[in-house]
Amino acid sequence: MKRTSNLKLALILGVVVVGMLAFAYVNVPLFRMYCQRVGIAISPNREAKANLKPSDRKVTVLFTGVVAGDMPIAFKADKAFEEIKLGEQSKTSYHFVNLSDDTIYFRPVHSVLPENAATKLTLTKCFCFDDQVILPGQSYTLPVVFSFSPDLDPTVERITFHYTLFQKDLKAKK
């Protein structure tokens, strides 16, 4: 009786281990598919649609950002908004200042609204591709290079490009 219960337990644990390995294997591709579907760029997406020509149509892009929690970082875009042509590459910069005496590790996450504009975004260069470190009292400026496809929904006139900074609990790697 004890031997069958041990075999049953071993079988259950084996299934759990195989399930965990399968989940670990498919987790990254599933995450990438989800991010692509909702328009979150987790790496440069330089494969802009080459067959689409730039448009004369312009949209207004608003640049906003917040710091999650009580991180002592001040940051803002170099301009609050910009009128851009669809299909043309645009550039803006964000300025960061560490207001504390501690090194801060953070992850910037961007979002684009309306959602249908997020899927038309080509993000070539962005500080959101990597975790960031800002030293005590340090200030720096980082660029964002982007474009929106000319086949953006014609009802979209204003796009909000928003960043949220999330603190990471990392220590410097030695």
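## A four-stranded antiparallel sheet

Four strands of the protein chain form an open sheet in the order S2-S4-S8-S6, with antiparallel pairing. At its edges lie strand S2 (73-77) and strand S6 (121-125), each of which pairs on one side only. On average, neighbouring strands of this sheet are turned by 25° against each other, direction ignored. The model described here is predicted.

Within the sheet, strand S4 and strand S8 run antiparallel and are joined by eight bridges. Strand S4 covers residues 90-98, and strand S8 covers residues 139-148. One position in this pairing can be named: Lys91 stands opposite Val145 in S8.

The strands discussed above have these residue ranges:

| Strand | Residues |
|---|---|
| S2 | residues 73-77 |
| S4 | residues 90-98 |
| S6 | residues 121-125 |
| S8 | residues 139-148 |

The sheet belongs to a chain with two helices and nine strands. Read from the N terminus, the elements follow the order α-β-β-β-β-β-α-β-β-β-β. The chain thus opens with a helix among its elements, and five strands come before the second helix, with four strands after it.

Some totals describe the chain as a whole. The protein chain has 174 residues, and 32% of them count as buried. Its accessible surface comes to about 11,500 Å². Carbon and sulfur atoms hold 58% of that surface. Among contacts with a separation of 6 or more, 75% are between residues 24 or more positions apart.

Notes. Residues are numbered from 1 along each chain as its sequence is written. This is a predicted model: local features need pLDDT of at least 70, side-chain atom pairs count only at pLDDT 80 or more; totals for chains, interfaces and linings use all residues. Side-chain values use heavy atoms; hydrogens and water are left out. Buried means under 20% relative accessible area, exposed over 50%, partly exposed in between (1.4 Å probe, protein chains only). Contact means heavy atoms within 4.5 Å. Accessible areas come from the Shrake-Rupley method with a 1.4 Å probe; for residues, only the protein chains shown count as cover. Two strands pair if DSSP finds at least two bridges between them. Axes are lines fitted to C-alpha atoms, for helices over the stretch in contact, and angles run from 0 to 180 degrees between N-to-C directions.
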